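Look at the sequence and the model below. The text after them goes through the chains, a sheet, the nonpolar cores and a pocket.

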Amino acid sequence: MPTYWNGGPESVDPKRFFPEWLDGEEDAVVKAAQDKVADEVKRHHPLTSPHRDLIKGNKIKRPVMFCRRDEKTGDVIEQWDDWQRGSVILALPGVMYAVVPPGGSINVDPTVSEKTVKANAPHLLNEEEYRAQQEKHKRTEPDKPAKAKHEQKPSA
Amino acid sequence: MATYSFSDLSATYPQLYRELRPQIQRKTPTARLLPWKPVTTGQNIGWDLTFDGQSAAAVNPDGGNLVTAQADPRTAATLGFGAYSAPVKVTTKAQWTGAAIGVQGYDFLKNMLDQNTGEALQKAVKLINQHIYTGSGSSNQMTGLSTGVAATGTYANVAQSSYSNWAAYSAGNSGSLRSLTLALIKKAASTIATNAPSGRPDLAFCTGPLMDTLEGLFDAYLHLYGQMKPGMSMPPFQNGGMGMGTDRISLNPPTIDTAGGQIQRTGFRALVWESAGLTFVEDPDCSNSAVTNTANCIFFVNSSALEMQYLPPPGIQNYMPDQKIMQAVEQDLGPIANLQFDFRARGRTTFADEFDLMAMTQVVLKDRAASGILFDVQ
C-alpha cells in the first residue's frame, strides 16, 4: 500500500503547475515560466491553515461526509480530529479521510492514483520525494563544531 | 384624571396599516438554473455509461496479425430519489378571527392557509437547493454534488475504483486556504475539457465571497455589460483597453446560456467569462460536504450533463377532494420550471386544518468526468 508523507510548507513542486504548452519553447522562455509558476506557488499555495471557524484549540471539525450518523434518526454526529498547524488533510470521498501531522505519514488505498492524492493534497510526498527531501535537509544542516581538546575523551 | 391626550388614548388607537416583511433568505439560484425533467423509468433514475475499452492498433497488412476485438464496456448508472415534505397547519380560530378583520392593511391575516402554503413551498424548495450540493443519499436525502463531483468513490452505483474514468476533476490544497487565481480556474476548465466528451464546462457555482474575489481578479480586463438602451454602444477602444483585454467578462447579463436554452437571470449574480466560455453563478447554498473548507469551493459543470429529475405526483384521486398538484415557487421570484409538489390534507384530529406538501426529486450528474471541484480557495 503506497505511503505518503507530510512534506511541509515547502513541498509543493512548482513543476506540477507548469504550463504544458511550454514544451518545446526556448530555454529562456521556459525558465521565465518556471520562475513565474514558482512565485505563484509560493504566494498562493502555502500550507497555512483551514478556515478558523473549523478549528477549536487543537481539534479540527471533520467534513460531514466522513462523519458517523445516528442509526435511528440519520442525523450527523459531529466529529473532531486532532490537528496542529502544518497538518495536511487528505479527504477522498468513498475512500478515506485523514489528518496527517507534520512529519507524519499515511497509507492510501492502491486503487487511488498518486495523481489524485496529490491533486487533493499537494503537500503529500511519495516515498521517493520524501527520501530526497530528507537527504536535502541533511546536506543543508551545518556541520557540528569539533570538540575542544580538553573536552575530548582520552583514547584507550 | 384621563384627558383627551395621546398618551391617555394611544392604546385605543387602531393600527391602520401593517406590512409583513420576511427576514429569511430562501433564494434558489441553482434550482432555478437547472433543467427539470420528469422521470419515466419508475423506481429509479437510470442511464447507461460507456468507458474506454475499444481496441485499435497499427497493423501489418502484409500477413501481420489481426487486432483482438475489444469493445467499450457498458454499465448501468442508477440513482434513487430524495423525498422532501413541508407541513401546513392553521388552527380554526386563527382562520376565523383573521378572516373577520375588517380594518384595511391586514390582508396577511386574512388568507393564512395561502400564506402558510406559500412559505412551506419556499422552505421545501430551499432545502432541495441546499441538498443539490450536500445531500447525503441516505435518510431520504438526494445524492448531492458533493458525492457526484469527486475524484473517488461510488456515484450512481458505479465505483470509480472499477472505472478510472468515472471521476471528476478535483484540486485542493491539503485543507489549507489559498488564493483563488485565474490560472487555477483555467487549469480546471482545460483539464475537464481534456477528459470529458462534452468539452469544456460552461457553468460554475460558488458562494458570494468567492464571487467577490473572482470579480476582483478581472479588474484589469473588465468589460462591463449592462442594460443596453436603444442607440447605446460600448466603445471598444476607450481608455486603451476596455473590452480589448485577453480575458473579457460580462457582469449580470439578463439571460444565461446553457445547453438547455437561455435562462432568465433573476435574483442572483452571474459573471460571464466570455473568452473562457464559462458562466459563474452565485449561490449562497454552494457547499461541499466532502472537504474541510466547505464553502471555499467552486463547482464546474457542463450544463448538458447536469439536470434535475423529479417523480411526477400521481394524478388527482377522486377520494381525496383536498388533493392538489402545486407548482414549486422560489421566494419572490415565482415558479421553478416544472417541479411539482403533491398537496394533501391530513385527517382532522384537532381544530386545525393540516396539509402536507411533498416532492420527490434528484440531481443527476450524467457525466462525472465533465465536472470538477476546485476547493480550499478564498
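Helices and strands are DSSP runs, of at least four residues for a helix and at least two for a strand, numbered from the N terminus. The model shown is predicted. On that definition, chain A has three helices and eight strands. Along the sequence of chain A they come in the pattern β-α-β-β-β-β-β-β-α-β-α. Chain A has 156 residues, and 38% of them are buried, where buried means under 20% relative accessible area. Among the contacts in chain A between residues at least 6 apart in sequence, 57% join residues at least 24 apart.

Start with a sheet in chain A. Strands of a sheet pair through backbone hydrogen bonds, either parallel or antiparallel. In chain A, three strands form an open sheet in the order 2-3-4, with antiparallel pairing. Strand 2 (55–56) and strand 4 (80–82) of chain A each have a single partner strand and stand at the edges, so one side of each is left without a neighbour in the sheet. Between strand 2 and strand 3 (residues 59–61) of chain A there are two bridges. Here A:Lys56 is opposite A:Lys59, which belongs to strand 3 of chain A.

Now turn to chain B. Its strand 2 (residues 45–50) and strand 3 (residues 74–79) pair in the antiparallel sense over six bridges. B:Trp47 has B:Ala77 in strand 3 of chain B as its bridge partner. Which side chains of strand 3 of chain B are buried, and which are not? The side chains alternate: B:Thr75, B:Ala77 and B:Leu79 point to one face and are buried. B:Arg74, B:Ala76 and B:Thr78 point to the other face and are not buried.

In soluble globular proteins, nonpolar side chains tend to be buried together. The largest nonpolar core in this model has 57 residues, of which B:Trp47, B:Phe205, B:Phe299 and B:Phe341 touch the most other members. Helix 4 of chain B gives the most to this core, with seven residues. Another core, of 28 residues, lies apart from it and includes B:Leu184, B:Ile185, B:Ala204 and B:Val377.

The last stop is a pocket. The second largest pocket holds about 470 Å³ of space. It is lined by 31 residues, and the closest to its centre are A:Pro63, A:Val64, A:Met65, B:Ser289 and B:Thr294. Helix 4 (112–134) and helix 5 (145–148) of chain B are the elements that give two or more residues to this lining. By class, the lining has seven nonpolar, 19 polar and five charged residues.

Note on methods: Residues numbered from 1 in each chain as written. Chains lettered and ligands numbered in written order. Predicted model: local features only at pLDDT ≥ 70, side-chain atom pairs only at ≥ 80, totals over all residues. Heavy atoms only, no water. Pairing = 2+ DSSP bridges. 1 Å grid on protein atoms, 1.4 Å probe; cavity = no way out; pocket = protein on both sides within 12 Å on 5 of 7 lines; lining within 4 Å. Points joined across faces, edges and corners; volume = space filled by probe spheres on them. Nonpolar A, V, L, I, M, F, W, Y, C, P; charged D, E, K, R; others polar. Core = buried A, V, L, I, M, F, W, Y, C linked by side-chain atoms within 4.5 Å. Buried < 20%, exposed > 50% of the residue type's maximum accessible area, 1.4 Å probe, protein only. Contact = heavy atoms within 4.5 Å.
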